[in-house]
Structures are given as structure tokens and as C-alpha cells.
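I am opening a page for this chain and will note what I look up, entry by entry. The core, a helix pair and a few single residues are on my list.

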Amino acid sequence: MVVCVCNAIKEKDLRAAVRSGADRPSQVYAQLGRKPKCGQCLSFAQTIIRSEIATA
């Protein structure tokens, strides 16, 4: 599933970034070498981040 259309960030990439230590959307973007653009994905990204942290 695509989480961020502007940056083509997939859910699997976001989850991998969280497993590598990112715990905020800004850290995920940094790990993936991208920058937020429109911001519409941030709440969805945060939900996935919380989910991944909870199951770790």
C-alpha cells in the first residue's frame, strides 16, 4: 500500500524505517532520503508508526 503518494513511500518501507529506529514521520522521511510535501499522509504515517512500535 502506498502511504505517501507525493514521495512514493510504501507501507513496507515505512515499517522498515521504524524497525531501523525511526519513531516520527520526519525521521522516516530522512531515512528514506525524502522530504514531506503536501503533508496529507502524516496522520496515516503516524498511525502505522504507532502500530509498528506497539508490535515490536
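Before the first entry I fix a term: a residue is buried under 20% relative accessible area, exposed over 50%, and partly exposed in between. I also note that this is a predicted model.

**Entry 1, Ala 8.** I looked up Ala 8 with that scale in hand. Its relative accessible area is 49%, so I enter Ala 8 as partly exposed. I find Ala 8 in the loop between S1 and strand S2 (9-10). I checked the backbone too: phi of Ala 8 is positive, about 55°, although the residue is not a glycine.

**Entry 2, the core.** Which residues of the largest nonpolar core touch the most other members? I get Val 3, Leu 14 and Val 28, out of 13 residues in that core. I then asked which elements supply at least two core residues each, and noted strand S1 (2-4), helix H1 (11-19), helix H2 (25-31) and helix H3 (42-54). As background, I remind myself that nonpolar side chains tend to be buried together in soluble globular proteins.

**Entry 3, Leu 14.** I listed the contacts of Leu 14, leaving aside neighbours within four places in sequence. The list reads Val 3, Ile 9, Val 28, Ala 45, Ile 48 and Ile 49. Val 3 and Val 28 are on this list, and both were named with Leu 14 in the core entry.

**Entry 4, H1 against H3.** How do the two helices cross? I read that the axes of H1 and H3 come within 10 Å and cross at roughly 50°. I therefore write H1 down as oblique to H3. The crossing of H1 past H3 is right-handed. On the H1 side I list Glu 11, Leu 14, Arg 15, Val 18 and Arg 19 as making the contact, and on the H3 side Ala 45, Ile 48, Ile 49, Ser 51, Glu 52 and Ile 53. Sorted by class, the contact of H1 with H3 has 6 nonpolar, 1 polar and 4 charged residues.

**Entry 5, Ile 48.** Is Ile 48 buried or exposed? Its relative accessibility is 4%, so Ile 48 goes down as buried. I place Ile 48 in helix H3. Not counting residues up to four places away in sequence, I find Ile 48 touching Val 3, Glu 11, Leu 14 and Arg 15. For Val 3 I also took the spacing: Ile 48 and Val 3 are 45 residues apart in sequence, and their C-alpha atoms are 9.2 Å apart in space.

**Entry 6, Arg 19.** I turned to Arg 19, which lies in helix H1. At a relative accessible area of 57%, Arg 19 is exposed. With neighbours within four places in sequence set aside, Arg 19 is in contact with Lys 12 and Glu 52. I noted Glu 52 earlier on the H3 side of the helix contact. As a distance check, the C-alpha atoms of Arg 19 and Ser 43 are separated by 19 Å, with their positions 24 residues apart along the chain.

**Entry 7, Gln 31.** I found Gln 31 in helix H2. Gln 31 is partly exposed, at 41% relative accessible area. Which residues does Gln 31 contact, leaving aside neighbours within four places in sequence? I have Ala 17, Ser 20, Gly 21 and Ala 22. The C-alpha atoms of Gln 31 and Leu 42 are separated by 15 Å, and the two residues are 11 apart along the chain.

**Entry 8, Pro 36.** I located Pro 36 in the loop between H2 and H3. Pro 36 is partly exposed, with a relative accessible area of 45%. Apart from neighbours within four places in sequence, Pro 36 is in contact with Asn 7 and Tyr 29.

Notes. Residues are numbered from 1 along each chain as its sequence is written. This is a predicted model: local features need pLDDT of at least 70, side-chain atom pairs count only at pLDDT 80 or more; totals for chains, interfaces and linings use all residues. Side-chain values use heavy atoms; hydrogens and water are left out. A nonpolar core is a set of buried Ala, Val, Leu, Ile, Met, Phe, Trp, Tyr and Cys residues joined through side-chain atoms within 4.5 Å. Buried means under 20% relative accessible area, exposed over 50%, partly exposed in between (1.4 Å probe, protein chains only). Contact means heavy atoms within 4.5 Å. Axes are lines fitted to C-alpha atoms, for helices over the stretch in contact, and angles run from 0 to 180 degrees between N-to-C directions. Angles under 35 degrees count as roughly parallel, over 145 as roughly antiparallel, 65 to 115 as roughly perpendicular and the rest as oblique. A crossing is left-handed if the near helix is turned anticlockwise from the far one by less than a right angle, and right-handed if clockwise. Ala, Val, Leu, Ile, Met, Phe, Trp, Tyr, Cys and Pro count as nonpolar, Asp, Glu, Lys and Arg as charged, and the others, Gly among them, as polar.
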